[in-house]
Amino acid sequence: MHFTNKFVNVQVIHTPTATVTASASSQEKVLRECMETTRDVAAAAKIGKILAECLLINNIPAVTVHLKREQRYHGKVKAVIDSVREGGVKLI
């Protein structure tokens, strides 16, 4: 998860092969048009929901979350993780 002052970016990386298996970002033109803002907690929740849909389409039913040292389970981080969980993806 990466948050800037303007956008929310989330990627799921397959660790053994170091490849990105799914990603979602509020920078995408299609998403920017349907979102009111691209940087708040509501935008983070939408990005989490879209990421969950991408994971299920790619047959990835469970993921592990690794937070950076400075990230806490609060605010935007919590919104992304909760919406991925609500989207049907198990968190290990």
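Trainee: How do the residues of the largest pocket's lining divide into nonpolar, polar and charged?
Mentor: This is a predicted model, where local features need pLDDT of at least 70, side-chain atom pairs count only at pLDDT 80 or more, and totals for chains, interfaces and linings use all residues. Numbering starts from 1 along each chain as its sequence is written, and side-chain values use heavy atoms, with hydrogens and water left out. Here a pocket is an open set of points on a 1 Å grid where a 1.4 Å probe fits, with protein on both sides within 12 Å along at least five of seven lines, and lining residues have an atom within 4 Å of a point. Counting Ala, Val, Leu, Ile, Met, Phe, Trp, Tyr, Cys and Pro as nonpolar, Asp, Glu, Lys and Arg as charged and the others as polar, the lining divides into 16 nonpolar, seven polar and one charged.

Trainee: Which lining residues are closest to the centre of that pocket?
Mentor: There are 24 residues to pick from in the lining. The closest to the centre are Q11, V12, I13, T64 and V65.

Trainee: And which element gives the most to the lining?
Mentor: Elements are DSSP runs, with helices (H or I) of at least four residues and strands (E) of at least two. Those giving two or more residues to the lining are α2, α3 (76–86), β4 (62–63) and β2. With five residues, the one that gives the most is β2.

Trainee: What is the order of the strands in the open sheet?
Mentor: Strands pair if DSSP finds at least two bridges between them. β1 (2–3) and β3 (19–25) each pair on one side only, making them the edge strands. The pairing is antiparallel, and the order is β1-β2-β3.

Trainee: How many bridges join β2 to β3?
Mentor: Take a few pairs to get your bearings: N9 has S25 as its bridge partner, and V12 has A22. I13 stands opposite V20. β2 (residues 8–14) runs antiparallel to β3, and the bridges joining them number six.

Trainee: Which residue in the turn between β2 and β3 has a positive phi?
Mentor: These two strands form a hairpin with four residues between them. The phi is about 55 degrees, and the residue is A18.

Trainee: Over on the β1 side, what is the bridge partner of H2?
Mentor: A hairpin of four residues links β1 to β2, and two bridges join the antiparallel pair. In β2, the partner of H2 is N9.

Trainee: How many disulfides does the structure hold?
Mentor: A disulfide takes a pair of cysteine sulfur atoms within 2.5 Å. For C34 the closest cysteine sulfur is in C54, and because they're 13 Å apart, that's too far for a bond. C54 fares no better, since its closest cysteine sulfur is the one in C34. The count of disulfides is zero.
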